[in-house]
Amino acid sequence: MVWFQRLNLLTLLLCFCVIVFGAYVRLSDAGLGCPDWPGCYGHLAVPDAPHEVAAAEQAYPQRPVETPKAWKEMIHRYLASTLGLLIVILALMSLRIRDPRIPRVLPWFLVALVIFQGVLGMWTVTWQLKPLAVTGHLLGGMTTMSLLLWMWLGTRRAVPTVAVQVVEREMRNERQAAWAMQREVVAEATYTVVPAPRRVRLFAGVALAVVAVQIFLGGWTSTNYAALACPDFPTCHGSYWPQMDVATAYTLWHGLGINYEYGILDARARVTIHFFHRVGALVVTTVVGLFGLYLLLRSAAPRWRALGGGVLVALGLQVAIGISVVVLQLPLWLADAHNAGAAVLLAAMVIANRLAWWAPEHD
């Protein structure tokens, strides 16, 4: 059980790193650093020998070899592959560990999710950075991180003391004994669940929902290259309500065979995307800010007050980074920090919902 918890935590931290590094790859325009998948110009690593580079550029004349960009893309693939392997190991471990805290379905759902993430990663390249695929890849990564965190929190819950009577039977060999122990109900462990008040559960669920929607809006802004469509703040081109084209801005499917690198939308559609992201930020700030204040000021439990303070800090940093991205004209490190901040804020909402809906009597 201890090793499962440790591997779960390691996988969770690696998933966060994959999300942040994936954002760095996208923001540094290295998403097509390798024009094929899963290799790079037909190699498992970036081609570096002169004859390999010449052959690669002959095979992909529209995409000359840019070694720094190619290595960014391949490192991201190596990290993502390692993450997938660790999730598979967690799923296999869940079959062997006899502990009621270990979920049986969630690890295998994560395996399916990470396989689908691999498909989205392939489409990201083969569909030439199609916003729908890239944004879906981001949402899949955030979902994977959230579920890993949910599982880790579940395995850390305290197990109430229960009277367990194990009936030992004489078996001819250890294999028969192990098989019998798996098939026989030897104990029924009951957990005392103390959910938070209904208003806290509702508040936590709404806060999680608005953060999830805002992550989609942020991903759509980034993948359509609309981060600087409104170069001023708090106005947008000097207006608090600029001219917009919602239909074009949120058309999810523009067809295949199009190179979406650097975007294909006109200025008005990009302004629309950017403006909606700002409106979403205002909603998130209001809802999550009120939720954090409620936990900090109205809750008697120390863990809730600590969580409320953490939520407010994460929210404040994310808002400050988002404004700075516009004011400072999209420095790469700050834009990547904005993605990391979104992951941290999402994690805070997952923790809040876990505590709100499932709170053991003894922590």
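**Exercise 1.** Are Glu73 and Arg77 buried or exposed?

*Solution.* The structure is a predicted model, in which local features need pLDDT of at least 70 and side-chain atom pairs count only at pLDDT 80 or more, while totals for chains, interfaces and linings use all residues. Residues are numbered from 1 along each chain as its sequence is written, and side-chain values use heavy atoms, with hydrogens and water left out.

Step 1. Recall the classes: buried means under 20% relative accessible area, exposed over 50%, and partly exposed in between (1.4 Å probe, protein chains only).

Step 2. Apply them to the pair: Glu73 is buried, and Arg77 is buried as well.

Step 3. Consider how the two side chains meet. They form a salt bridge, with 3.0 Å from N to O; the term denotes a side-chain nitrogen of Lys or Arg within 4 Å of a carboxyl oxygen of Asp or Glu.

Step 4. Relate this to the sequence. Glu73 and Arg77 are four residues apart in helix 3, so about one helical turn separates them.

**Exercise 2.** State how many helices and strands the protein chain has, and what share of its residues is buried.

*Solution.* Step 1. Helices (H or I, at least four residues) and strands (E, at least two) are DSSP runs, numbered from the N terminus.

Step 2. The count gives eleven helices and zero strands.

Step 3. Of the 363 residues in the protein chain, 45% count as buried.

**Exercise 3.** Find the salt bridges besides the one between Glu73 and Arg77, and locate their residues.

*Solution.* Step 1. The rule yields three salt bridges.

Step 2. One of them joins Arg63 to Glu261, whose closest N and O atoms are 3.1 Å apart. Arg63 lies in the loop between helix 2 (50–59) and helix 3 (67–96), and Glu261 in the loop between helix 8 (246–249) and helix 9 (267–298), so this pair ties together parts that are 198 residues apart in sequence. Both Arg63 and Glu261 are buried.

Step 3. Another links Lys69 with Glu66, at 3.8 Å between the closest N and O atoms. Glu66 is partly exposed, with a relative accessible area of 40%.

**Exercise 4.** Describe how helix 3 packs with helix 4, and helix 10 with helix 11.

*Solution.* Step 1. Two packed helices are described by the angle between their axes and the distance between the axes. Axes are lines fitted to C-alpha atoms, for helices over the stretch in contact, and angles run from 0 to 180 degrees between N-to-C directions.

Step 2. Helix 3 and helix 4 (residues 106–126) pack at about 160°, with axes 8 Å apart. Helix 3 is therefore roughly antiparallel to helix 4; angles under 35 degrees count as roughly parallel, over 145 as roughly antiparallel, 65 to 115 as roughly perpendicular and the rest as oblique.

Step 3. Helix 10 and helix 11 (residues 332–357) pack at about 155°, their axes being 9 Å apart. Helix 10 is thus roughly antiparallel to helix 11.

**Exercise 5.** Locate Pro197 and state how far it is from Ala356.

*Solution.* Step 1. Pro197 is in the loop between helix 6 (174–183) and helix 7 (198–223).

Step 2. Its relative accessible area is 42%, so Pro197 is partly exposed.

Step 3. Pro197 and Ala356 are 159 residues apart in sequence, and their C-alpha atoms are 7.8 Å apart in space.
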